[in-house]
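Trainee: Could you take me through one part of this model up close? I'd like the sheet and the aromatic rings around it.

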Amino acid sequence: KLPQPGITATNPGCPSASFSVEFILVGVFQELWPEFQRFGAVPQIISPPFSVWNTTGEDVIFGCEIFAYPMAAVEWRKEGLETFLPGDDPHISVQFRGGPLKYEVSGWLQIQGIRSSDAGVYLCCAHNKLGEVSAAANLTVLSADELGEAGTPWSLAQTPLDDDVDTDDYY
């Protein structure tokens with residue numbers, strides 16, 4: 001009988017030896033491997049893209065990691081457009097690679113020299129024969145004038161340095 005997840009199990013033959021949940025899950029995965037290969041896995045977003053902001057002329061990168069078996073096809077879209085990116089736009093590029101783990105795909109969307117027209121919602125879309133999934137992130141583009149008027153788009157807490165803190169030897 002397998003121990004419940006989240007519990008450290010003790011080896012009855014050697015009470016001082018224990019094993020972690022990761023090893024338990026690997027054992028369960030190995031037991032289920034034939035079924036996994038037979039039926040596969042619907043794509044799952046392991047690491048979604050994050051919403052970002054930047055000023056015009058700067059570069060931004062969105063990243064996305066997907067797990068699926070069989071491997072998923074991954075594509076990027078901008079909400080409101082029918083075509084997948086990069087399309088015919090030379091300032092947008094898309095890259096993919098396998099990993100970092102088995103049955104995972106990592107993808108990046110890079111927009112160089114962003115313009116105000118690049119603002120919007122970007123979707124990382126993945127699909128295989130078992131299903132599809134997507135995750136969205138927002139790109140906010142500010143002009144230098146807008147940034148100067150509004151300051152940063154979030155509030156930065158500023159605290160004075162404590163006089164007792166030695167800043168000369170921080171590292």
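Mentor: Let's start with a term: a charge sits over a ring if NZ of Lys or CZ of Arg is within 6 Å of the ring centre and within 35 degrees of the ring normal. Here, Arg77 lies over the face of Phe84, at 4.0 Å from the ring centre. Bear in mind that this is a predicted model, where local features need pLDDT of at least 70, side-chain atom pairs count only at pLDDT 80 or more, and totals for chains, interfaces and linings use all residues. Residues are numbered from 1 along each chain as its sequence is written, and side-chain values use heavy atoms, with hydrogens and water left out.

Now the sheet. Five strands (E in DSSP, runs of at least two residues, numbered from the N terminus) make an open sheet in the order β4-β11-β10-β6-β7, with mixed pairing; two strands pair if DSSP finds at least two bridges between them. At the edges sit β4 (52–55) and β7 (84–85), each pairing on one side only. Further in, β6 (residues 73–78) runs antiparallel to β10 (residues 120–128) over 6 bridges, and Arg77 has Leu123 in β10 as its bridge partner.

On to the rings: there are 3 aromatic pairs (Phe, Tyr and the six-membered ring of Trp, centres within 6.5 Å) in the structure. Tyr69 and Tyr103 have centres 4.9 Å apart and planes at 90°, so they're edge-to-face (over 60 degrees; under 30 is stacked, the rest tilted). Tyr69 lies in β5 (residues 60–69) and Tyr103 in the loop between β8 (92–98) and β9 (104–111), so the pair ties together parts 34 residues apart in sequence. Both Tyr69 and Tyr103 are buried (under 20% relative accessible area, 1.4 Å probe, protein chains only; exposed is over 50%, partly exposed in between). Phe62, Trp76 and Tyr122 form one aromatic cluster.

Methods
Helix = DSSP H or I, 4+ residues; strand = E, 2+ residues; numbered from the N terminus.
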